[in-house]
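Visitor: I would like a close look at a single part of this chain, namely the helices that pack against one another and the strand and loop beside them in sequence. Could you take me through that part step by step?

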Amino acid sequence: MRTVTLVKPIMGIVMVLLAIALFGCQNQVEEPLFTESNQMADMPLSRSTFGELPFLQGADLSYVNELQDGGVNYTKDGSSVDPYNLIKSYGANLVRVRLWHNPTWTKYSTLSDVKRSIRRAKNEGLNVLLDFHYSDAWTDPQTNIVPEAWRPVVKYSDILADSVYNYTYRILEHLNETNLLPELVQIGNETNNSIMVADNADLIPTNYVRNTKLFNAGLQAVADFNWNNGKSIKTVLHVAMNPNDAMFWVASHKKYGLKEFDMLGVSYYPQWQDYTPAQLGEFASNLYSAYGIRLFVAETGHIWTRAWNDQNINLMSKMCMGYPDTPCPQLQKDYIIEIKEALLANGQG
C-alpha cells in the first residue's frame, strides 16, 4: 500500500478552487446516453432564480476515488484521514469534480464515479461544482474532441446543441432524484478555442457563432432545470488565458448572443498565465464592471522548487512574477493568500 502523508498544510486552503494536477488512467466504463427530445427554443435565462453563495474555496478532488482504489492512504500526524473531511477542517466549502461523457479508457469521472464523489462531498456539508467536459476525455486549449456518441452530428450545430441541452438537463435531473445536485455547473473545461470538434485541427480559428450556440444550450439547460425544480444552480464558463484575452473571449461570444452566466472561471498557473495576482484582482473588477460577471479562479497552483526528485519531467518550472527562485514551501502559501486577498479586495471574485 502506498501512503501519502499530509503534514500541517503550509499552503492553507486553496482560494476559490485548486485543481490538483495528477495524471493517470485505467480502463472500462459505463455511462447513460440521453437522446430524448427537448423544448430548448430560445427561452430566456432570466427564468432562473439564483441564490447567494459564500466566498468559495476548496479543491478539485476528481482523482481521490482512483487514488484510494489504487491503495493510496492519506494520513495526517500519522493517522489516516479522509481527504474530504481534511479540507473541510481547514476551511474548504467547495469540491470540484469533472464529468466525462462516455470514456472507454477509464472507469473514473463517469457518472457513477461522479455520484460517488458528490456523495462524499455532501456528507461533509461541502458545496459541489460539477465540471462538464462534454468529451470522453480531457479538454483544454489544445484538445476539445466531441463525444464519440455525438460525432455523427458534429457538423450539424443545431442537432449538437440539442444533444448538449438534453444531456446536461438529464444529468441534473438524475442527480436531483438521487439527492446529489451540485450547487454550481461548469459548461465546458478550458474552452479557449472551438469546442466539441471532430479533430483538434479544427480548434483554430475559434468558431464563435458555433461556440455560442453550444454554450447557450448548456446554459439554457441549467436555467430550465432551475425553473422547473425551484433550484438555484449557478453557471460557470471556463478559459485558460490572460485577462485581456479573456475579456476579448467574452466580448466575442457576447457579440453572437451568448446568454447570461454567473461566473467566468479561469485557470491561473504562473507556468502559462503570465500576470500577477494583483492583475487578477483588477481583471475581476473590470469583468464585473463590463458584464456583471464574477471571476472564479477554477484552477491555480504554484511550485516551490525547481529541483528534480525523481525521473519524471517537471511540468511546472516558472515562478510567479515577483516571486524568488529560492526553493521555499512558504511561496505556495504566500501565493494562494495573495490571490485570495486580491479577489476579496475588489469583492467581485
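Guide: Gladly, and let us begin with the chain as a whole. Among its contacts between residues at least 6 apart in sequence, 80% join residues at least 24 apart. Please keep in mind that this is a predicted model. The chain contains eight helices and 11 strands, and 53% of its 349 residues count as buried.

Now to the helices. Two packed helices are described by the angle between their axes and the distance between the axes. Take helix H4 (residues 157-177) and helix H5 (residues 208-229): their axes lie 8 Å apart, and the packing angle is about 30 degrees. Angles under 35 degrees count as roughly parallel, so H4 is roughly parallel to H5. Their crossing is right-handed. On the H4 side, the residues that meet H5 include Leu160, Ala161, Val164, Tyr165, Thr168, Tyr169 and Leu172. Facing them from H5 are, among others, Leu214, Ala217, Gly218, Ala221, Val222 and Phe225. Charged residues take part too, including Asp158 and Glu173 of H4 and Arg210, Lys213 and Asp224 of H5. Sorted by class, the contact of H4 with H5 has 11 nonpolar, seven polar and five charged residues.

H5 also packs against H6, at an angle of about 80 degrees and with the axes 9 Å apart. H5 and H6 are therefore roughly perpendicular to each other. Here H5 contributes Tyr208, Asn211, Thr212 and Phe215, while H6 contributes Phe248, Trp249, Ser252 and His253. The residues of this contact of H5 with H6 divide into four nonpolar, four polar and no charged.

From there we can follow helix H6 (residues 243-254) to helix H7 (residues 277-291). The axes of H6 and H7 come within 10 Å and cross at roughly 15 degrees, which makes H6 roughly parallel to H7. The crossing of H6 and H7 is right-handed. From H6, the contact uses Pro243, Ala246, Met247, Val250, Ala251 and Lys254; from H7, it uses Phe283, Asn286, Leu287, Ala290 and Tyr291. By class, the residues of the contact of H6 with H7 are nine nonpolar, one polar and one charged.

Next comes strand S9 (residues 234-239). Six of the six residues of S9 are buried, so the strand is largely enclosed by the rest of the structure. In a regular strand the side chains alternate between the two faces of the sheet. In S9, Lys234, Val236 and His238 belong to one side and Thr235, Leu237 and Val239 to the other, and both faces are covered. Strand S8 (residues 184-187) runs parallel to S9 and is joined to it by three bridges. One pairing to look for is Gln186 with its bridge partner Val236 in S9. Val236 is also one of the buried residues on its side of the strand.

The loop between S8 and H5 deserves a slow look, and Ser194 is a good place to pause there. With 3% relative accessibility, Ser194 counts as buried. Not counting residues up to four places away in sequence, Ser194 touches Asn144, Asp202, Leu203, Pro205, Thr206, Asn207 and Asn211. Of these, Asn211 is also among the H5 residues that contact H6. Ser194 and Thr143 are 51 residues apart in sequence, and their C-alpha atoms are 9.3 Å apart in space.

Two backbone details in this loop are worth finding on your display. Most residues other than glycine have a negative phi, and most peptide bonds are trans. Pro205, which touches Ser194, sits in the loop between S8 and H5, and the peptide bond from Ile204 to Pro205 is cis, with omega near 0 degrees. Glu190 is in that loop as well; although not a glycine, Glu190 has a positive phi of about 45 degrees. At 10% relative accessibility, Glu190 counts as buried.

For a contrast, turn to Asp77, in the loop between strand S4 (73-76) and strand S5 (79-80). Asp77 is not a glycine either, and its phi is positive, at about 55 degrees. Asp77, however, counts as exposed, at 56% relative accessibility.

Notes. Residues numbered from 1 in each chain as written. Predicted model: local features only at pLDDT ≥ 70, side-chain atom pairs only at ≥ 80, totals over all residues. Heavy atoms only, no water. Axes fitted to C-alpha atoms, helices over the stretch in contact; angles between N-to-C directions. Helix = DSSP H or I, 4+ residues; strand = E, 2+ residues; numbered from the N terminus. Parallel < 35°, antiparallel > 145°, perpendicular 65-115°, else oblique. Left-handed = near helix turned anticlockwise from the far one by under 90°. Contact = heavy atoms within 4.5 Å. Nonpolar A, V, L, I, M, F, W, Y, C, P; charged D, E, K, R; others polar. Buried < 20%, exposed > 50% of the residue type's maximum accessible area, 1.4 Å probe, protein only. Pairing = 2+ DSSP bridges.
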